[in-house]
Amino acid sequence: MAKMAAAMVESGEDAFRKIFKFYKRRNPPPDFSDVIDFSRGLPSDKIVPAKLDPSAVSDVEGARVGLRPVRDWRAFGLQGFPGFIFISNPFLLGSQPSWVRRCLKTYPQKPNVCNLDMHMSPSETQDIWGKSLRGLSSPSGKREPKTLLEKLRWVTLGYHYNWDTKTYSADHHTPFPEDLHSLSEHVTAACGFPGFNAEAGILNYYRSDSSLGIHVDESELDHSRPLLSFCFGQSSIFLLGGTRRQDPPTAMFMHSGDMMVMSGESRLLYHAVPRILPAPEGQAALETEHCSPASSNQDGSVVEPVSEEDWVVCSRYIQSSRVNVTVRQVLGPGQRFPETPSSQQRTGAGQTAGYHEGHEDQDSVKRKRRSSCDSDDADET
Ligand code: OGA
Ligand code: MN
């Protein structure tokens, strides 16, 4: 098996950046033979089973948020990355569509904050879904102006991340969605973190040519709590590195439904998403999941059926896009935000940066190259 990516790295250099560029390259396309695929258990010498706590979540509670019984989850660790847990799509068949719809239709709504708010008025961004319907429902081959949904790059929930100051603040908070709170609580409990409190969320929306730059998530005030990540739609390559840019990262595929938990020693590691890829053939295509709606129509279920009308839009969107949701606990138990000078307590207005790269829209504001993750040419902090 070719050790293509790692072999290119010389000691002392920014190995992460080199490997990021390797996987981002279009022409010629890179060799993906080193990329770990947890869904297929390959290569088996790096993958170790992860120990879960099946008693932490009852089957009924899990099913309410669309999860299989924990004893059926395929959860893995990675040699050399203590605290990193990869759960290969633990969703019940037919339950992803309702999560995809939430990401596209519900979470971009007010009072949540999105990139479009940075240069559009609240009335213009208050119905992103509704304003995108016509463009996304029609199967036209013509190049139409991009819909708002296609221009969506990020949404923040709970304590809204400020991309400019790289901080959260007590002053800029809206209620965290209960359904996502519940999903996060169950997944983290099964992974050995009872009492996880989902306080902030960042949704990243990727088109087929998008990437996410090299960064560490360290703005949360309590790093003893895990960071949680959910993937929907197109697949991607995820790079997990070390505490230094010289440490060559390990590449792995993330497919729709996959989850990751970064905890312990893996909580503050460099990571990035250099590439979005078509979902593999043969993998239960998300498009067809809608035909087998989740049977968990029990009391309190958050997995409600998605109408045909809504699914046309969702499935067209995810045929070329990926959505990632990261959920963070910002404060430890009893912890408070430190007092900050009022200049620090900026809210959403005025921020421009996100940490996506590529696909800079002609009509979008030029993103500031300030965030550590904007560009692979930027120096990381
Ligand atoms: C993030 C992040 C990874 C992904 O939002 O901080 O690392 O898979 N996302 O999109
Ligand atoms: Mn991250």
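The dialogue below goes through a predicted model and asks what its labels rest on.

Trainee: What makes His215, Asp217 and His271 the residues that coordinate the manganese ion (ligand 2)?

Mentor: The donor atoms are NE2 of His215, OD of Asp217 and NE2 of His271, and they lie at 2.0 to 2.2 Å from the ion. The cut-off for a donor to this metal is 2.8 Å, so the three residues count as donors. Water is not among the atoms, so the site may look incomplete.

Trainee: How are the donor residues spaced in sequence, and what does the pair Asp217 and His271 tie together?

Mentor: The spacing is H-x1-D-x53-H. Asp217 sits in the loop between strand 7 (211-215) and strand 8 (227-233), while His271 belongs to strand 12 (residues 271-277), so the pair links parts that are 54 residues apart in sequence.

Trainee: Are Asp217 and His271 buried or exposed?

Mentor: Both Asp217 and His271 are buried. The label means a relative accessible area under 20%.

Trainee: What makes strand 12 "mostly covered"?

Mentor: The count does: 7 of its 7 residues are buried.

Trainee: How do you know that strand 12 is paired with strand 7 and with strand 9?

Mentor: Pairing needs at least two bridges. Strand 7 and strand 12 have 2 bridges and run antiparallel, so they pair. Leu212 stands opposite Val273 there. Strand 9 (residues 235-240) is joined to strand 12 by 5 bridges, also antiparallel, and the bridge partner of Leu240 is His271. His271 is also a manganese donor, through NE2.

Trainee: Why are strand 1 and strand 4 called edge strands of the open sheet?

Mentor: The sheet has 9 strands in the order 1-2-3-11-8-13-6-5-4, with antiparallel pairing. Strand 1 (47-49) and strand 4 (113-114) each have a single partner strand, so one side of each is left without a neighbour in the sheet.

Trainee: Which bridges hold these two edges to their partners?

Mentor: Strand 1 is joined to strand 2 by 3 bridges, with Ile47 partnered by Leu78. Strand 4 is joined to strand 5 (residues 154-158) by 2 bridges, and Cys114 has Val155 as its bridge partner.

Trainee: What is found on strand 2, and where does its hairpin take a positive phi?

Mentor: In strand 2 (residues 74-78), 4 of its 5 residues are buried. Strand 2 also pairs antiparallel with strand 3 (residues 84-88) over 3 bridges, where Ala75 stands opposite Ile87. The hairpin of these two strands has 5 residues between them, and Gly80 takes a positive phi near 90°.

Trainee: How do you know that Cys314 is not in a disulfide?

Mentor: The closest cysteine sulfur, in Cys103, is 9.2 Å away from that of Cys314. A disulfide requires sulfur atoms within 2.5 Å, so the distance is too far for a bond. The structure holds 0 disulfides.

Trainee: Why are Cys314 and Cys231 called buried?

Mentor: Cys314 has a relative accessible area of 0% and Cys231 has 1%. Both values fall under 20%, so both residues count as buried.

Trainee: Why is helix 5 called roughly perpendicular to helix 9?

Mentor: Helix 5 (residues 128-137) and helix 9 (residues 308-318) pack at about 75°, with their axes 10 Å apart. The range for roughly perpendicular is 65 to 115 degrees, so the label applies. The contact is made by Trp129, Leu133, Leu136 and Ser137 of helix 5, and by Asp310, Val312, Val313, Cys314 and Arg316 of helix 9.

Conventions: Residues numbered from 1 in each chain as written. Chains lettered and ligands numbered in written order. Predicted model: local features only at pLDDT ≥ 70, side-chain atom pairs only at ≥ 80, totals over all residues. Heavy atoms only, no water. Donors = N, O, S within 2.8 Å, 3.2 Å for Na, K, Ca; no water. Buried < 20%, exposed > 50% of the residue type's maximum accessible area, 1.4 Å probe, protein only. Axes fitted to C-alpha atoms, helices over the stretch in contact; angles between N-to-C directions. Parallel < 35°, antiparallel > 145°, perpendicular 65-115°, else oblique. Contact = heavy atoms within 4.5 Å.
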